[in-house]
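I set out to record how the helices of this complex pack, within one chain and across to its partner. The entries below follow the order in which I looked things up.

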Amino acid sequence: MSAIIQIENLSKQYDSGTKALSDVSLDIHEGEIIALLGPNGAGKTTLISVICGLVVPTGGTVRVGGHDIRTDWRAARKLIGLVPQEIALEPFEKVINCVRFTRGLYGEAPDDAYVEQVLRSLALWDKRDAMTRELSGGMKRRVLIAKALSHRPKVLFLDEPTAGVDVALRREMWEVVDQLRREGVTIILTTHYLEEAEEMADRIGVINKGQLLLVRPTAELMGEFGKKTLTVELIDPLAAIPDALEDRGLRLSADGRSLAYEYDTRADRTGIARLLGDLAGQGIMVRDVSTRQSSLEEVFMTLVAEPRQEVTA
Amino acid sequence: MSGINWPGVWAIFHHEMTRFFRTIMQSLLSPVVSTVLYFVVFGAAIGGRIQSVEGVEYGAFIVPGLMMLTILQQSVSNASFGIYFPKFSGTIYEYLVSPVGWIEVTLGFVGAAAAKAVLIALVILMTSFFFVGVHILHPFWMLAFLVLTALGFSLLGFIIGLWAKSFEQLQIVPMMVITPLVFLGGAFYSADMLPPFWEGVAKLNPVLYLVSGFRWSFFGLADVPVGVSLVAVALMIAVCCAAIRWIFATGWRLRE
């Protein structure tokens with residue numbers, strides 16, 4: 001898969017001295033969905049803003065479709081669509097005119113058939129003649145997506161696309177993103193909803209304090225950093241963990257009917273077989289066992305708490 | 001730099017003009033009512049005491065000045081509001097991430113602001129026909145001065161809109177600078193009517209050159225040579241274009 005965006009040693013330091021990005025390098029492949037995760041002020045939006053042209057970098061290069069964003073900015077920007085974090089729309093303009101306007105800005109000839117297709121795909125066609133100020137927050141956000149898609153971009157940036165959107169609408173957004181992926185659009189999204197990244201992204205990048213801590217395929221990241229919990233359900237409840245098992249880090253449930261054992265999937269020995277043997281040795285009868293993978297949120301917190309410099313782009 | 005993105009220019013121009021026509025009544029009615037009031041006050045009340053200025057009926061003499069006053073106010077306010085509103089509403093990001101540069105954005109916004117101002121000035125000219133007999137000696141130059149002045153002050157308004165961080169700042173330059181310059185720039189009198197010292201001071205006012213050139217196109221009368229007026233407006237356009245280019249190149253008040 002070829003890289004549609006190549007970021008090399010990108011840095012941004014504001015006049016105030018704040019370093020928003022430090023030496024970020026990353027290749028984004030054509031057709032993939034990459035999610036950028038990080039706490040507030042981590043540098044996610046700055047990274048997107050630099051690529052899109054809103055923020056001037058202090059170092060490094062970015063190429064979009066082979067075009068340098070500073071020396072060949074017209075060609076680079078034609079490939080990009082941006083859905084900003086803040087809802088910003090002309091309040092007294094009709095939905096359809098907003099989309100037509102953006103299409104014109106990108107130098108495209110009027111194409112009402114395509115505009116209709118975009119509005120229908122985002123369930124906005126019925127609202128085409130409504131003023132944007134009359135729309136709900138979720139609809140406004142969809143108008144922003146429609147505008148960003150108005151010129152058929154190859155790369156779409158979604159800066160926290162589902163912030164403040166209800167659960168049903170969030171699901172709808174995910175479907176839209178999935179549809180775009182099927183159409184071959186490369187998508188870069190930032191989000192606070194970790195389940196969103198887990199659900200949609202092919203790869204996840206973790207940013208903290210302006211540094212790209214790592215980039216991994218979502219499944220690999222989950223496997224690599226994800227801890228699993230083994231829950232052992234007991235036939236007879238225990239009053240306390242037997243002394244012989246005290247050094248195993250077991251947790252006994254309040255009703256004494258289950259034991260929880262956390263293990264690292266990356267370890268050579270998980271200790272599960274030994275644990276089950278020891279339980280049998282203590283005469284503890286097991287009814288059932290189950291495992292649970294830790295959520296991306298837990299993975300994320302682990303990474304941010306222990307920053308790594310290693311990046312696999 | 002590759003070629004100009006003309007569809008981008010048209011998109012901005014069309015968007016701005018649509019906004020103007022959406023509020024056509026208030027856009028046109030307000031300046032027309034103001035002009036009628038000027039005719040009543042200056043033309044009828046004061047004009048009754050001043051029979052003529054350099055052989056031109058006073059009511060007719062002030063027509064170019066009134067048009068110039070309107071052109072300057074409308075150009076500055078249209079262009080400054082046009083670019084400030086996207087900054088205020090946050091939609092400015094669209095102009096910064098799309099393949100339009102300073103030329104397209106300036107042509108779109110300034111072109112629309114100037115077009116609106118010229119349209120309003122022509123409506124005022126037509127309104128004046130109801131009050132005084134106005135004969136235009138050089139119609140081509142009248143239009144040329146009108147368009148060039150509208151462009152020059154729309155460019156200035158555009159810079160004000162880029163600079164402004166609040167609606168208060170947006171109003172302060174037109175109110176504190178432009179309007180006094182117009183009133184002191186010979187809109188309602190000839191600089192020759194001033195004492196020699198004040199005539200010299202008045203000639204430091206750039207607006208005097210615009211009003212003078214414009215009045216020459218109507219009556220063949222000028223306070224300063226017409227060529228100087230043309231140079232003044234051309235110089236203003238060049239300086240403003242250079243400033244706008246610098247603003248977009250550096251991202252001042254636009255990009256972080």
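Entry 1. I looked up the hand of the crossing of α3(A) and α5(A), and it is right-handed (the near helix is turned clockwise from the far one by less than a right angle; anticlockwise would be left-handed). The model is predicted, and local features need pLDDT of at least 70, side-chain atom pairs count only at pLDDT 80 or more, while totals for chains, interfaces and linings use all residues. Residues are numbered from 1 along each chain as its sequence is written, with chains lettered from A and ligands numbered from 1 in the order in which they are written.

Entry 2. I noted that α3 spans residues 95-105 and α5 residues 137-149 of chain A, and that their axes come within 8 Å and cross at roughly 30°. Axes are lines fitted to C-alpha atoms, for helices over the stretch in contact, with angles from 0 to 180 degrees between N-to-C directions. α3(A) and α5(A) are therefore roughly parallel to each other (under 35 degrees; over 145 is roughly antiparallel, 65 to 115 roughly perpendicular, the rest oblique).

Entry 3. I listed the residues in this contact (C-beta atoms, placed from the backbone, within 7 Å): V95(A), C98(A), V99(A) and T102(A) come from α3(A), and V143(A), A146(A) and K147(A) from α5(A). By class they are 5 nonpolar, 1 polar and 1 charged. Nonpolar covers Ala, Val, Leu, Ile, Met, Phe, Trp, Tyr, Cys and Pro; charged covers Asp, Glu, Lys and Arg; the others, Gly among them, are polar.

Entry 4. I then followed α3(A) to the partner chain. Its axis and that of helix α1 of chain B (residues 6-22) come within 7 Å and cross at roughly 145°. F101(A), G104(A) and L105(A) meet P7(B), G8(B), W10(B), A11(B) and H15(B) there. This contact has 5 nonpolar, 3 polar and no charged residues.

Entry 5. I checked the whole interface: 25 residues of chain A are in contact with 20 residues of chain B. Elements giving two or more residues on the chain A side are α2 (73-78), β6 (80-83) and α3. α3(A) gives the most, with 4 residues. That side has 15 nonpolar, 4 polar and 6 charged residues.

Entry 6. I recorded the confidence values last. The predictor gives the complex an ipTM of 0.88 and a pTM of 0.85. Chain B averages a pLDDT (the predictor's confidence in each residue, from 0 to 100) of 89, and 99% of its residues score at least 70.

Key. Two residues are in contact if their C-beta atoms, placed from the backbone, lie within 7 Å.
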